[in-house]
Amino acid sequence: MLAWFTNDTDTTPGAADLALEALAADLRARGLPVAGAVQRNLDMGPDCACDMEMIVLGDPGDPVRISQSLGPGAQGCRLDTGALEEAVARTAPRLAGAGLVVIPKFGRQEAMGRGFRDLIGQAVADGQPVILYVPRQQQAAFLDFAGDLAVRIRPDQLRSWCLDRFAAAS
């Protein structure tokens, strides 16, 4: 019920975000009840870090900008944790009735007990299949969190795993 994937070390940054966004769009285009959120990275040019926004599936509101500009030469984390929490809060009420939940990733915030962590746990407890990306740096924390519920899949298995969940539910 809790599928996760990671990418090879030579995979282009942002590839997981693109894969999950395409997956969610495909499943929703098929009329399947998918909830959750996906991250979109907006290229700001060669000398700038990308802007990150969270798109809440099924939410008519604007995407939530989850990155913040720290100015030239800044080395700190650009994640706006308040904006991430806003995205989680907007995602939570849309889970009811979903046959599948897409979560952008189990990242540093989730490893620390914040971000989408509680929402992931609630979806699994409610019997909803969840699919997400887990960066290599967070794999140990994710496996501590998920335990025996987690099943690792390859990136090329995302669509088939999701479609199998819908087929099993019908």
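Contact here means heavy atoms within 4.5 Å; this criterion underlies the packing described at the helix 5 stop. The model on display is predicted.

**The whole chain**

Begin with the full cartoon. The protein contains 6 helices and 7 strands. Traced from the N terminus, the elements follow the order β-α-β-β-β-α-β-α-α-β-α-β-α. Among the 170 residues, 42% are classed as buried. Of the contacts with a separation of 6 or more, 65% link residues 24 or more positions apart. Switching to a surface view, one has an accessible area of about 8,800 Å², with carbon and sulfur atoms contributing 50%.

**Strand 1 and its partners**

Next, select residues 2-5, which form strand 1. Leu2 and Trp4 lie on one side of the strand and Ala3 and Phe5 on the other, and all four are buried, leaving both faces covered.

Add residues 130-133, strand 6, to the selection: strands 1 and 6 pair in the parallel sense through 4 bridges. Within this pairing, leucine 2 is placed opposite valine 130. Then add residues 150-152, strand 7, which runs parallel to strand 1 and is joined to strand 1 by 3 bridges. Here alanine 3 faces valine 151.

**Helix 5**

Now select residues 139-146, helix 5, and show the side chains of Gln139, Phe142 and Ala146, the buried residues of this helix. Viewed down the helix axis, these buried residues fall within an arc of 60°, and therefore line one face of helix 5. What do they pack against? The buried residues of helix 5 pack against strand 1, strand 6 and strand 7, so the strands selected at the previous stop may be kept in view. Turning to the other side of the helix, one finds Ala140 and Asp144 exposed. Immediately after helix 5, select glycine 147, which adopts a positive phi of about 60°.

**The aromatic cluster**

Keep Phe142 displayed and add Trp4, Phe106 and Phe145: these four residues form one aromatic cluster. The cluster thus includes Trp4, a buried residue of strand 1, and Phe142, a buried residue of helix 5. The structure as a whole holds 4 aromatic pairs.

**Aspartate 51**

Finally, select residues 51-56, strand 3, and centre on aspartate 51. Is this residue buried or exposed? Aspartate 51 has a relative accessible area of 17%; because buried means under 20%, the residue counts as buried. Display arginine 65 as well: its side chain makes a polar contact with the side chain of aspartate 51, at 3.0 Å.

How values were computed:
Residues numbered from 1 in each chain as written. Predicted model: local features only at pLDDT ≥ 70, side-chain atom pairs only at ≥ 80, totals over all residues. Heavy atoms only, no water. Helix = DSSP H or I, 4+ residues; strand = E, 2+ residues; numbered from the N terminus. Buried < 20%, exposed > 50% of the residue type's maximum accessible area, 1.4 Å probe, protein only. Polar contact = N/O pair within 3.5 Å; in protein donor to acceptor, adjacent residues only side chain to side chain. Phe/Tyr/Trp six-rings, centres within 6.5 Å; stacked < 30°, edge-to-face > 60°. Areas by Shrake-Rupley, 256 points an atom, 1.4 Å probe, with all protein chains shown as cover. Pairing = 2+ DSSP bridges. Arc of directions from axis to C-beta.
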